[in-house]
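Hello,

Here is the structure I promised to pass on to you. Please have a look at it first, and then read on for what turned up.

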Amino acid sequence: MTNTLATSENRERLNYYLSLMTGDEKHALSSISTLDVIWVLYEKILNISPEQVASDLRDRFFLSKGHGPMALYAVLALKGFISPDILNTYGEFNSVLGYHPDRTKLCCIEISSGSLGHGLSMAIGSLLALKARMIYGPSHWVLLGDAELDEGSNHEAIVFAGRKFLNDLNVVVIDNDSSTLGWPGGIGNRFKIEGWEVSYVDGRDHQALYTAFTKKHPAKPHAIIATVETKSGHPRRITSGVSL
């Protein structure tokens with residue numbers, strides 16, 4: 001698979017869509033850090049389309065890192081979920097495109113997010129609710145920021161998912177060196193000791209992302225640690241098992 005974002009007209013269109021969204025609270029850096037991950041998920045991985053947003057059998061994407069939704073809005077526009085014409089209303093009064101995504105305003109948004117630390121727990125709840133209804137198969141994907149893992153709710157959710165062998169659960173952690181506390185042994189180790197499958201990947205490399213996203217993990221949830229440049233723009237080195 002080629003880098004479908006960087007080597008085609010998609011890059012130009014997405015950059016244009018991002019440029020339409022303006023405002024003092026747009027959290028551009030938080031959003032740009034997620035762009036490649038979200039694109040690969042919607043282009044190559046998720047079983048969802050504009051016609052499937054109400055289907056019980058759709059895959060679910062949870063933007064827990066919801067204070068930076070610009071990249072998600074741009075990808076949704078490119079994939080036909082929303083009209084590009086509304087992107088320039090971003091953050092305006094009565095706009096459906098808020099600085100935090102709102103599931104009551106867009107049917108293609110799974111959760112209202114932005115208050116960090118809730119996405120993983122909500123994805124687990126969605127999985128369990130489907131199983132209670134005897135619906136099996138839909139994959140659940142959660143996009144977290146590394147700083148978000150400082151929230152205590154995530155620690156509880158990580159323990160629970162590992163103990164319950166939720167193999168339909170996938171977490172992508174965008175690691176741009178934003179966390180305050182960090183974790184002994186690195187981010188991946190926090191998941192691994194609780195029974196998760198763990199992968200490490202360059203968060204800008206589409207082929208590597210695709211390989212990680214399609215990795216088999218029977219009887220385990222899967223955490224993908226996707227490193228990107230730091231908030232200051234400096235590149236980072238990927239080392240398995242260590243969060244640098």
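How do the residues of the lining of the second largest pocket divide into nonpolar, polar and charged? Before the reply, please keep in mind that this is a predicted model. The lining has four nonpolar residues, five polar ones and two charged ones. The pocket itself has a volume of about 190 Å³. Around it you will find Ile45, Ser139, Trp141, Asn167 and Asn170, together with the run Phe213, Thr214, Lys215, Lys216, His217 and Pro218.

Trp141 is a good residue to follow from there. Leaving aside residues up to four places away in sequence, Trp141 touches Leu41, Ile45, Leu46, Arg60, Phe61, Phe62, Asn170, Val172, Phe213 and Ile224. Trp141 is also among the residues with the most contacts inside the largest nonpolar core, along with Val37, Ile38, Tyr42, Phe61, Ile82 and Phe213. That core has 45 residues. At least two of them come from each of these elements: helices H1 (9–20), H3 (35–45), H4 (70–78) and H8 (206–213), and strands E1, E2 (140–145), E3 and E5 (222–227). Helix H4 gives the most, with nine residues. Another core lies apart from this one; it has 23 residues, including Ala157, Phe191, Ala223 and Ile225.

Next come the enclosed spaces. Searching the whole structure gives three cavities of 30 Å³ or more. The second largest cavity has a volume of about 60 Å³, and its lining is made up of Tyr42, Phe61, Phe62, Leu63, Leu72, Pro101, Cys108, Ile109, Glu110, Ile111 and Ser113. Which element gives the most to that lining? It is strand E1 (residues 60–63), with three residues. By type, the lining of this cavity has nine nonpolar residues, one polar and one charged. Two names may look familiar here: Tyr42 and Phe61 line the cavity, and both are listed among the residues with the most contacts inside the largest core.

One last residue to look up is Asp175, in strand E3 (residues 169–175). Is Asp175 buried or exposed? Asp175 counts as buried, because its relative accessibility is 2%. A polar atom of the Asp175 side chain lies 3.2 Å from the backbone nitrogen of Asp177.

Enjoy exploring it, and write back with any questions.

Best wishes

How values were computed. Residues numbered from 1 in each chain as written. Predicted model: local features only at pLDDT ≥ 70, side-chain atom pairs only at ≥ 80, totals over all residues. Heavy atoms only, no water. Helix = DSSP H or I, 4+ residues; strand = E, 2+ residues; numbered from the N terminus. Buried < 20%, exposed > 50% of the residue type's maximum accessible area, 1.4 Å probe, protein only. Polar contact = N/O pair within 3.5 Å; in protein donor to acceptor, adjacent residues only side chain to side chain. 1 Å grid on protein atoms, 1.4 Å probe; cavity = no way out; pocket = protein on both sides within 12 Å on 5 of 7 lines; lining within 4 Å. Points joined across faces, edges and corners; volume = space filled by probe spheres on them. Nonpolar A, V, L, I, M, F, W, Y, C, P; charged D, E, K, R; others polar. Core = buried A, V, L, I, M, F, W, Y, C linked by side-chain atoms within 4.5 Å. Contact = heavy atoms within 4.5 Å.
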